[in-house]
Amino acid sequence: MAESRDCGGQRQGFRKTSRGRVKLEKVLGVSTSSSGALASDPNSGLVAYPAGCVVVLLHPQLKTQRHIINTSRKPFSALAFSGDGKHLVTGESGHLPRVRVWQVDGGAETTGVQNHKFAVSCVAFSPDGAYVVSVGSANDATVCVWDWRRGSILASNKVSSDVSAVSFSEDGGYFVTAGKRHVKFWYLDISEERRVNGTVPLMGRSGLLGERHEDIFCGVACGRGPTASSTYAVTETALLCRFDAERRLEARVRLEAACARSLAAAADFVFCGCSDGAVHVLDPVDLRYLATLPCPHHLGAELTSHRHLDGGRRGPYPDAAALTFDPAARHLTCVYSDRSVYVWDVSRPRSAAAVYSAVYHAAAVWNVQVCPSPSSSFLTCSSDGTVRQWLPDLCGKDLLRSFRAADDRSRPQAARPELRALAVSPDGRRLATGDRCGILRIYDWEFLEELVKIEAHDSEILALEFSPMCAGANLLASAGRDRLIRVFNADAGYRLEQTLGDHSAAVLAVKIAGDGTSLRMVSCGTDKSVYFYSWERTGRAGSFRRTRHLVEKTAPHDMDLAASGTHVAVACQDRMVRVYDVKTGKLSKCLKDTSGCEGAPLKVHADPSGSLLATGCSDKNVHIFEYRSGERLATLAGHSEPVTALRFGEDRRYLTSASGDGCVLVWRLDPRAPAALSTEELAREKSAVVRRETFIVGPAPRTPELPSSSSSLLEPEGEGPPSIRTNGKMPAWFRKLQGEPLTSTYVPPEAESAPVRNRWLENSPLVVLPAPANNVDDDDDDDFYPQTLEGLLTEDEDQELESAARDGDERTAAEDVDGDAPVGTSPDSFRADGAEADAGQDFLLRPPLAVCRRFLSRYGHRLR
């Protein structure tokens, strides 16, 4: 008892502190697409970039991360540091986005204002930190100046074209915006008189572009130091332009690149990010070429944490999409188009070296699997065609291994397969991948060699599952959008063993469970069906035989094995997680917590100990539940797209979640999380559960089985008082006829036998259940069956037959069943059968017989 109290107190403490104890440990991904979403702070050396709904504050030298999470589930689209480095301003994308100011230390939101309608493309702090400038997207086309401490807008104006970049002058007297056929200088009048009146004039003057008025500018930066009066802008055609204090285009230079993507300026350097991984360094005074930074890894390279750079220049290379410069540390941070992050030491541009590098997935991540070795590592697969192994425990060395699933590297990048499914064999020696074209590949994990390539499905593979090692059969099951399940024999070179076509729509998930003596498989699909299979071996071969078929009210999205493989948790579209017994297919429990949940669960995963259950919902949040009670312990926000994969670590230290935004979030769990109960504790909890909604009517005579001859219908087959159970209260009129109180009471079941076979019952959706035996434990998972009033009328029909047999009138009973003789419904018929003299009293004393005769007179023809 003392241990139970300690365990209960431990679980209670975890519930109270779970929101603070579940911490975002690591973000593996970046969603920066322009320099407006990348910033560096020269005071602290931090680099900020968005990753979905999270702002990552990276310290390149310490190789550590801090995070700011936007709980509104709107992704960050722009950010900038204040001059003192204490605050960070962010812009959102989506309907009615807000401009928010955060404290860098602690990540608390200071203020937030809303004036844009669709998305914020650029934000910037004034040099003195008094004002914030935000620029809306193309559909918004609004430039606003905010007093962020008061949370009020001071001035705004419209722009006639798309704006892609903004930069403040060093003295703060004006700021410049650049975009499509657009370079404009905005001047601020912030006199005290204007401030009292609450209006600040926002006057704009277009730059004098001359013959370059049709160009599209992708970057702009105001000069610093000796060139503070100059303004630099770069076009998409790789033309660097310099404007003087009079807004005139005074100089320009053509860069050696096909196109340009980004721009950053300092007192002694101007950096231009171009295509094919080139970052050119120029002198700000005369635009003289100085150097080109080394290229990063080439596209399609097999990356590790120890070798990222491509010394041989094999190419092609990703484009330099965003740049930011830290003048104090002399570090240039570059985010490339394949979502990789490099921090270069540019103290000497000709001999620049990378002080930090991280390579992430370039597209949506679809699956996460735990890798057996090393501990705490996991695998991810993505639409970019790569499989990567991560180990977040290593400081600054998150990526361990990476390889591309395409075997033909001569194909163009766009033609390479997009991976959808991933599975690791129980011994960790084999890796299976399924792509969008339905091709299944088996790899040797140690040497990353492709062993088998199978065209398993006609369309994309949605799920892969290896059988457990203790099952007695080494199998691999694949499920596809072509509604088929293929079973392969791994011991026979992955020979096709069986094809199952029970589903009528795409199969979303398949799971295989084994207890050492038997092997079972469960599958679910968009046809609202859940199928249960049992493995049967015939000689050397074997096959799965369908044992149960369930049809849900709504379509299941995903499922996972829970409670050490004895149960399966199915996430359904109606915001419920249903748990079924793998052997019997019976419903064990339903988990539903709608408080604060705005979406349906799309992914579900249970931890190895069987105490926690995580769901990834369509509201972009991750919810953690306690498996036994169904209580929601924590809600985790950070993804900007619906969650596509969830996975607990083997040691329950981490929860990994992946999303369509290409980011992988690693959450550190509270070590005081509730542990799995022992068998005795589970038995005590199960015996204490009583279904209050279950109603039992009894006793009633047993309904015999239907024999070959009609004369044997009158002979009862067994003894014992059966009963009929329903999942709700009976109508009030029926309880009055039975002479029972209007409030229903629970009567424990006593006996159980096989259901009755009847020609009419086979065509009816009703189920008649006899009572369980006395020696059967009260297990509400096995006792709960739905029942309706029509089932009760069927029992009343059997009562009439046995009553007629006891009275000796076998001929009348047989004629009533066969439908050859009319069934009397008047009080005279009661007297003819030897019943009570008074018809009214007879009806009140024997209501089942009266109801059954009236029912048979109307529906007796169905018994033929």
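## Exercises on a predicted model

Four strands make up an open sheet, arranged in the order S18-S19-S20-S21 with antiparallel pairing. S18 and strand S21 (249-254) stand at its edges with a single partner strand each, so one side of each is left without a neighbour in the sheet. Direction ignored, neighbouring strands of this sheet are turned by 20° against each other on average. The model behind these exercises is a predicted one.

**Exercise 1.** Describe the chain as a whole: state how many helices and strands there are, and what share of the residues count as buried.

*Solution.* Begin with the secondary structure, where the chain has 11 helices and 58 strands. Next take burial: of the 864 residues of the chain, 55% count as buried. Then turn to the surface, whose accessible area comes to about 37,500 Å², with 48% of this belonging to carbon and sulfur atoms. Finally, consider the contacts in the chain with a separation of 6 or more, of which 46% are accounted for by residues 24 or more positions apart.

**Exercise 2.** Work out how strand S19 is joined to S18 and to S20, and name residues that stand opposite one another.

*Solution.* Start with strand S18 (residues 217-222), which is joined to S19 by 5 bridges, the two strands running antiparallel. Within this pair, Phe217 has Thr235 in S19 as its bridge partner, and Gly219 stands opposite Val234 in S19. Now move to the other pairing, in which 4 bridges join S19 to strand S20 (residues 239-243), again with an antiparallel course. Here Val234 has Leu240 in S20 as its bridge partner. As a last step, look at the connection: S19 and S20 form a hairpin with 3 residues between them, and Ala238 in the turn has a positive phi of about 65°.

**Exercise 3.** Decide which residues of S19 point one way and which the other, and whether they are buried or exposed.

*Solution.* The general rule comes first: in a regular strand the side chains alternate between the two faces of the sheet. In S19, Thr231, Ala233 and Thr235 point one way, while Tyr232 and Val234 point the other way. For burial, 5 of the 5 residues in strand S19 (residues 231-235) are buried, and the strand is thus mostly covered.

**Exercise 4.** Find where Asp607 lies, and explain why Asp607 counts as buried.

*Solution.* Locate Asp607 in the loop between strand S50 (601-606) and strand S51 (612-617). Asp607 counts as buried because its relative accessible area is 3%, and the cut-off for buried is under 20%. The side chain of Asp607 reaches the backbone nitrogen of Leu612 at 2.8 Å. Once neighbours within four places in sequence are left aside, Asp607 is in contact with Leu612, Phe648 and Arg652.

**Exercise 5.** Place Asn367 in its strand, and say which residues Asn367 touches when those up to four places away in sequence are not counted.

*Solution.* Asn367 is found in strand S30 (residues 365-370), and it is buried, with a relative accessible area of 14%. Not counting residues up to four places away in sequence, Asn367 touches Leu379, Thr380, Cys381, Arg420, Ala421, Leu422, Ala645 and Arg647. A further step concerns Leu419, which is 52 residues apart from Asn367 along the chain, with 8.8 Å separating their C-alpha atoms. To finish, note the polar contact of 3.3 Å that joins the side chains of Asn367 and Gln369.

Methods
Residues are numbered from 1 along each chain as its sequence is written. This is a predicted model: local features need pLDDT of at least 70, side-chain atom pairs count only at pLDDT 80 or more; totals for chains, interfaces and linings use all residues. Side-chain values use heavy atoms; hydrogens and water are left out. Buried means under 20% relative accessible area, exposed over 50%, partly exposed in between (1.4 Å probe, protein chains only). Two strands pair if DSSP finds at least two bridges between them. A polar contact is a pair of N or O atoms within 3.5 Å; within protein, one must be able to donate a hydrogen and the other to accept it, and residues adjacent in sequence count only if both atoms are side-chain atoms. Contact means heavy atoms within 4.5 Å. Accessible areas come from the Shrake-Rupley method with a 1.4 Å probe; for residues, only the protein chains shown count as cover. Axes are lines fitted to C-alpha atoms, for helices over the stretch in contact, and angles run from 0 to 180 degrees between N-to-C directions.
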